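Colleague: Could you take me through this model? I should like to begin with how it was treated.

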Amino acid sequence: MSRIILQHWAGPMDELVTASSKEFSAYAESLGCDYELVRHSPFMPRIAHKISPCLQKLIYLDEKYDMYDTLVMVDADMFIRKRDDSVIPNIFEDIGIGRHTQIQTNLRAGIARTLPRFGNENAPYWGGSIIKLPLEIRQKFRSLITEEIVMTFANNWVDEGVMHTLANLAGMRHDDEGMYLNGQMWNYSSFEPTVEEANFIHIRTKIRPHGPKDTKLNNYHRLIRQGLLNGTN
């Protein structure tokens with residue numbers, strides 16, 4: 001079974017993105033799968049200048065990745081929680097496509113209310129920071145995606161809105177088996193009080209759930225000092 005982990009970053013490489021890419025490249029190697037950091041704006045280049053860089057993550061639908069049975073896209077500010085044991089959590093062994101919490105429920109309701117042609121509260125909605133897609137779903141979504149859909153979500157809901165729309169058009173439903181990853185183990189926000197339980201940690205600007213805030217880089221180094229992340233050599 002062929003697998004790949006992707007990340008995307010459009011802007012200049014900085015310390016956080018470099019560290020995240022290095023970590024997930026090593027993680028992919030430990031799992032025996034491929035890794036790629038996608039750079040710049042390869043997705044829908046004709047309209048790339050009109051859409052948010054977040055939408056460039058949708059390059060995972062491109063046929064160039066059809067050689068892979070399963071593909072995982074992870075945001076470039078995610079890290080793997082440091083563990084005392086030698087067990088490596090394997091994202092490919094978990095069931096589900098992406099993350100869904102109350103936040104995603106609220107966002108989906110907003111699309112269904114304001115864009116009823118595209119949104120449906122009965123269709124799945126995944127957080128965009130991590131997604132795991134088998135080949136057959138990627139190919140189905142690629143057959144449905146249009147520039148109109150992408151432009152509709154150019155700056156609001158972005159890749160999450162597009163993926164929700166494609167899932168709706170494909171007839172997928174929120175309560176179908178295998179829609180969602182287990183809880184938030186693969187995407188714990190760095191400010192959450194139980195972040196030490198995470199598999200993957202998503203670096204955010206908040207230090208605690210209700211603030212205050214700091215830079216992502218400072219919060220990344222804070223988690224290193226707390227022993228939750230490995231840091232870079």
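Modeller: The points below concern the sheet, the cores and the salt bridges.

Modeller: This is a predicted model, in which local features need pLDDT of at least 70 and side-chain atom pairs count only at pLDDT 80 or more, whereas totals for chains, interfaces and linings use all residues. Residues are numbered from 1 along each chain as its sequence is written, and side-chain values use heavy atoms, with hydrogens and water left out.

Colleague: Let us take the sheet. What is the order of its four strands?

Modeller: The order is 2-1-3-5 in an open sheet with mixed pairing. Strands here are DSSP runs of E with at least two residues, and helices are runs of H or I with at least four, numbered from the N terminus. Two strands pair if DSSP finds at least two bridges between them.

Colleague: Which strands are at the edges?

Modeller: Strand 2 (34-39) and strand 5 are the edge strands, each pairing on one side only. On average, neighbouring strands are turned by 20° against each other, direction ignored. Axes are lines fitted to C-alpha atoms, for helices over the stretch in contact, and angles run from 0 to 180 degrees between N-to-C directions.

Colleague: What packs on the sheet?

Modeller: Helix 1 (residues 15-31) does, touching strand 1, strand 2 and strand 3. The direction of helix 1 makes about 175° with that of strand 1. Contact means heavy atoms within 4.5 Å.

Colleague: And how do strand 1 and strand 3 run, and how many bridges join them?

Modeller: They run parallel and are joined by four bridges. Arg 3, for instance, has Thr 70 in strand 3 as its bridge partner.

Colleague: Now the interior. Which residues touch the most other members of the largest nonpolar core?

Modeller: Tyr 60, Trp 126, Phe 141 and Met 163 do, in a core of 38 residues. Such a core is a set of buried Ala, Val, Leu, Ile, Met, Phe, Trp, Tyr and Cys residues joined through side-chain atoms within 4.5 Å. Buried means under 20% relative accessible area, exposed over 50%, and partly exposed in between, with a 1.4 Å probe and protein chains only.

Colleague: What does Met 163 touch?

Modeller: Not counting residues up to four places away in sequence, Met 163 touches Leu 58, Tyr 60, Trp 126, Ile 131, Leu 133 and Phe 141. Apart from this core lies another, of 16 residues, including Phe 92 and Trp 186.

Colleague: Is Asn 168 in helix 5 buried or exposed?

Modeller: Asn 168 is buried, with a relative accessible area of 15%. Beyond four places in sequence, Asn 168 is in contact with Phe 118, Gly 119, Asn 120, Ala 123 and Arg 173.

Colleague: Changing topic: how many salt bridges does the structure hold?

Modeller: There are eight, a salt bridge being a side-chain nitrogen of Lys or Arg within 4 Å of a carboxyl oxygen of Asp or Glu. In one of them, Arg 46 pairs with Glu 147, the closest N and O atoms being 2.5 Å apart. Arg 46 lies in the loop between strand 2 and strand 3 and Glu 147 in helix 4, so the pair ties together parts 101 residues apart in sequence.

Colleague: How accessible are those two partners?

Modeller: Arg 46 is exposed at 62%, whereas Glu 147 is partly exposed at 30%.

Colleague: Which residue forms a salt bridge with Asp 77?

Modeller: Lys 216 does, with the closest N and O atoms 2.6 Å apart. Asp 77 is in the loop between strand 3 and strand 4 (78-80) and Lys 216 in helix 6 (residues 216-225), 139 residues apart. Asp 77 counts as buried at 10% relative accessibility, while Lys 216 is partly exposed at 30%.
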